[in-house]
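Student: I'd like to go through this model and check the labels against the numbers. Can we take it one term at a time?

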Amino acid sequence: MATQSEKNMVEWYSAERMHDMSKTWLSDLNFIKDEQIFLEELITDYTQQIIDDDVLTRAQDAATALLRTKRGNQKLMTALIAHEKDLNLMVDGKNELDKEEQYKTDHIAFIKKVSSFFYDYKAVKSEIFNLVTTLMKRDKQDHLLN
């Protein structure tokens, strides 16, 4: 349930502001979608080192988390696109106060969902980069020793 301060915060959001927020979120999620493909390729490129190394469990956990974020990203994008289409009820000139209030409540929920998703995704991305950095350093050391 939304707190009074959250309701007040969204009360002053214009339809244009909520539209801009949704467009920005969708843009960021589309970028993340491309980034996730890169991260999958990065893990794939280092599969041999992962298998040969003691980081297999860590890599499996990171790959599982990445897959979860891919699914979450797609669900969030689909929901945001539907939310964006529903924005029309805010500007159609009809006084459907219950529907408009529900839209604002839904928008508050999206603020939280998107923020939470971005936080979780950044943690997964950071873990993958740390994992690959570790493998790259070990690979570099092995080449220097040989």
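**Labels and the values behind them**

Tutor: Sure. Start with helix α6 (residues 97-145): Phe117 and Tyr121 both sit in it, four residues apart, about one turn of the helix. Keep in mind that this is a predicted model.

Student: What makes Phe117 and Tyr121 an aromatic pair that is stacked?

Tutor: Take the two values in turn. A pair of rings is described by the distance of the centres and the angle of the planes. For Phe117 and Tyr121 the centres are 6.3 Å apart, and the cut-off for a pair is within 6.5 Å. The planes are at 10°, and under 30 degrees counts as stacked, so the label follows.

Student: How many aromatic pairs does a search of the whole structure find?

Tutor: Two. Ring pairs join Phe117, Phe118 and Tyr121 into a cluster. As for solvent, Phe117 and Tyr121 are both buried.

Student: Which residue outside helix α6 touches Phe117 and Tyr121?

Tutor: Thr69 does, and its other contacts include Gln36 and Val124, leaving out residues up to four places away in sequence. Thr69 belongs to helix α4 (residues 56-86).

Student: Why is Thr69 called buried?

Tutor: Its relative accessible area is 7%. Buried means under 20%, so Thr69 qualifies.

Student: And what makes Ala63 partly exposed?

Tutor: Ala63 is in helix α4 too, but its relative accessible area is 32%. That value lies between the 20% and 50% limits, so Ala63 is called partly exposed. Across the chain, Ile43 is 20 residues away from Ala63 in sequence, with 7.6 Å between the C-alpha atoms.

Student: Why are α2 and α4 called roughly antiparallel?

Tutor: Two packed helices are described by the angle between their axes and the distance between the axes. Helix α2 (residues 15-45) packs on α4 at about 155°, and the axes are 10 Å apart. Anything over 145 degrees counts as roughly antiparallel, so the pair earns the name. The crossing of α2 and α4 is left-handed. Its contact residues come out as twelve nonpolar, eight polar and five charged.

Student: What is Asp20 in α2 called, and how do you know?

Tutor: Asp20 is partly exposed: its relative accessible area is 30%, which falls between 20% and 50%, so the label fits. Asp20 also has Glu84 at 9.7 Å, C-alpha to C-alpha, though they are 64 residues apart along the chain.

Student: How do you know whether His107 is buried or exposed?

Tutor: Its relative accessible area is 0%, and the limit for buried is under 20%, so His107 is buried. His107 lies in helix α6.

Student: Which residues are in contact with His107, its neighbours within four places aside?

Tutor: Tyr13, Met18, Met21, Ser22, Trp25 and His83. To be in contact, heavy atoms have to be within 4.5 Å. For Met21, the C-alpha atom is 9.5 Å from that of His107, and 86 residues separate the two in sequence.

Student: Zooming out, how many helices and strands does the chain have?

Tutor: Six helices and zero strands. From the N terminus, the elements run α-α-α-α-α-α. Of the 146 residues in the chain, 33% are buried. Among contacts with a separation of 6 or more, 85% come from residues 24 or more positions apart.

Definitions and conventions
Residues numbered from 1 in each chain as written. Predicted model: local features only at pLDDT ≥ 70, side-chain atom pairs only at ≥ 80, totals over all residues. Heavy atoms only, no water. Helix = DSSP H or I, 4+ residues; strand = E, 2+ residues; numbered from the N terminus. Buried < 20%, exposed > 50% of the residue type's maximum accessible area, 1.4 Å probe, protein only. Axes fitted to C-alpha atoms, helices over the stretch in contact; angles between N-to-C directions. Parallel < 35°, antiparallel > 145°, perpendicular 65-115°, else oblique. Left-handed = near helix turned anticlockwise from the far one by under 90°. Nonpolar A, V, L, I, M, F, W, Y, C, P; charged D, E, K, R; others polar. Phe/Tyr/Trp six-rings, centres within 6.5 Å; stacked < 30°, edge-to-face > 60°.
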